[in-house]
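These are my notebook entries on a structure that I looked up residue by residue and then chain by chain. The entries follow the order in which I consulted it.

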Amino acid sequence: MAILSLHSVSRSFGALKVTDDVSFELNAGEALGIIGPNGAGKSTLFNLITGNIAPDAGRVFLDGRDVTRLPPMERVRAGIGRSFQIPQPFGNLSVYENLLVAARFGGELGAGEAPAFCMDILSRTGLAAVAEKPSGGLSLLQRKRLELARAMATKPRVILLDEIAGGLTDAECVELVATIRAIHANGTAIIWIEHVLHALNSVVERLMVLNFGRMLMIGAPDQVMASPEVREIYLGIEA
Amino acid sequence: MTLTRPFGLAAAALALALLYALPAIAPRAVVQDLFGILTLLVLAMNWNMLAGFAGLVSVGQQAFVGIGAYAMFAAIILMGLDPLVGVLIGGLAAAAFAVPMAFFAFRLNGAYFAIGTWVVADIARLGISQWKALGGGTGTSLPKGTAKDMAFVGQIKDMLDVSSAAAADALTYWLMLSLAVAMLVASYVFLRSRMGLGLQAIRDNENAARSVGVDPVKLKALVFLLAAFGTGLCGALAFIQITRVTPDAAFSVIDWTAFVIFITVIGGIGTLPGPIVGVIVFYILQRALADYGTIYLIVLGCLGIVVMLFARRGLWDMFTDRTGIDLMPLTHRPPQGSLPRPKPSRRAA
């Protein structure tokens, strides 16, 4: 059953159509990857799902409920969590406090239950040892982990990951993928924008390709990557 | 490290008892001096909540001082009410003015917000200067005997065995001290709450705060409104003692905002004890440089620049960093026993 669905969503900035009639469904507990060249409209699609940008046309449904007009804060509480391509920690707050904000507001947890919930997520994302450190002083891997952990603290049913493996070393990427796999194994649906294809393909069940704001293809990763059109547009390999 | 709770509470209670006892043991000039310091402290605490915790760098707080003062004068002169009721009306009028001001100013960000609030404050000054019933551009004075007839002045006069004017000074001093204490306690409780945590998240990154379910507009509007109320009360109370109001004095950007920003920035923006440290430094400088005219302002400016360059979060933050002592910690710590134990070092092994 679809937990999230987009019906003919479009968005333009001036004359430039950055999202062009995109429709798809995400099943409960499914992991969907999104790839596409730079400027294909991937992050804009995330912003349309989270409500940071309003669509010019089309509708967004969460669990069959139309959330198109809901502001981002209410969509978080409805179950859509997200991470940012460039980590955006609350720099003056500690790592633990970053999660506490998310758990108290997005996760709607009370003062009694939020602390243990946050510590559990910090342990699962490998951040427990730096829980009391100011988040502004973390390494790149730690900041990426914090993005993931903070999104999890909102108790999402769908989590949107925007190039979370970007800029990491191979070893760091392996660690992060293991964490994402564990989140997915717990039944959280994932939409993951990524250029690190081996990381993406080791988690997702379906892959979507965007180009110039249009959905070019969606299907099993092997099938999509074998498509001559995708290889030409995304990988620059002529058919 | 934080000071042990019983020691800290005992020291605070003693200091507070001393401050409350001051009108009974110190000359009237000292009480008046401290009233001035407390006025700036209350204004600085309000501005700190806005800029230090909500990221709203307003340069238009003088609007609320002016509106509070004028509403209080109107309550006394035009409605014949007691000055203390006038003070409350002053606070409410400032909060009411904050609603349309926020409507315009919240459309702006950063430096534009700062300039926007300044512009709105100046519009308020020009508007008030058209109010002929309160003297227009030249202002007006409180009717003779207003302070003497104020509620509780008679009782204080008998209790302290002082003149009516000294009793009125003692009353306004106690009220300003109580306002400062109430502001400090209310700020601490608010910042330790869920909403305070959300507010600090907004200050650090509004976009990310929205993405974890915090409503920035709602929280910032609430703080803006409360700060306007506190600033309005403070302005009204300050002008009871001044006894005369003019648009230029009541809406002075230097007296009610620039000095207040200086106090907060050098004391420690985004910390609760910061404005207290800042107001003490400001008072010492003011006394030491009182005879040097404009040099006084130049020194203040230079000191502000030095602090901003070398101790960006102010003197209190520098002290906390070096000593580990934090009198009013706002940090939320993980539950005890939930943190992993540090690995033993090789040397210890």
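**Entry: Ala31(A).** I looked up the accessibility of Ala31(A) and found 0% relative accessibility, so Ala31(A) counts as buried (buried is under 20% relative accessible area, exposed over 50%, partly exposed in between, with a 1.4 Å probe and protein chains only). The model is predicted: local features need pLDDT of at least 70, side-chain atom pairs count only at pLDDT 80 or more, and totals for chains, interfaces and linings use all residues. Residues are numbered from 1 along each chain as its sequence is written, chains are lettered from A and ligands numbered from 1 in the order in which they are written, and side-chain values use heavy atoms, with hydrogens and water left out.

I placed Ala31(A) in strand 3 of chain A, residues 31-35 (helices are DSSP runs of H or I with at least four residues, strands runs of E with at least two, numbered from the N terminus). Leaving aside residues up to four places away in sequence, I noted that Ala31(A) touches His184(A), Ile190(A), Val203(A), Val204(A), Glu205(A) and Arg206(A) (contact means heavy atoms within 4.5 Å).

**Entry: His184(A).** I followed one of these partners, His184(A), to helix 6 of chain A, residues 170-185. His184(A) has a relative accessible area of 13% and is therefore buried. I recorded a polar contact of 2.7 Å between the side chains of His184(A) and Glu205(A) (a pair of N or O atoms within 3.5 Å; within protein, one must be able to donate a hydrogen and the other to accept it, and residues adjacent in sequence count only if both atoms are side-chain atoms).

**Entry: chains A and B.** I found 31 residues of chain A and 30 residues of chain B in the contact. The two chains bury about 2,500 Å² between them, 65% of it on carbon and sulfur atoms (buried area is the accessible area, 1.4 Å probe, that two parts lose on being put together, summed over both). Arg194(B), Leu197(B) and Val212(B) supply 25% of the area that chain B buries against chain A, more than any other three residues.

I counted 1 salt bridge between chain B and chain A (a side-chain nitrogen of Lys or Arg within 4 Å of a carboxyl oxygen of Asp or Glu). Glu132(A) and Arg333(B) form a salt bridge, with their closest N and O atoms 2.7 Å apart. I also noted 9 residue pairs in polar contact across the interface, both residues at pLDDT 80 or more. Helix 8 (194-204), helix 9 (206-211) and helix 10 (216-242) of chain B each supply at least two residues of the side that touches chain A. The largest share, 8 residues, comes from helix 8 of chain B.

**Entry: salt bridges.** Over all chains, I found 16 salt bridges in the whole structure. In one of them, Arg287(B) meets Asp33(B) at 2.4 Å, N to O. This pair links helix 13 (residues 274-288) and helix 2 (residues 28-53) of chain B, the two residues being 254 residues apart. Asp33(B) counts as partly exposed because its relative accessibility is 28%.

I then looked up Lys220(B) and Glu206(B), whose side chains meet in a salt bridge of 2.9 Å, N to O. Lys220(B) lies in helix 10 and Glu206(B) in helix 9 of chain B, 14 residues apart. Lys220(B) is buried at 10% relative accessibility, whereas Glu206(B) is partly exposed at 25%. In chain A, I recorded a network of salt bridges that links Lys17(A), Asp20(A) and Arg214(A).
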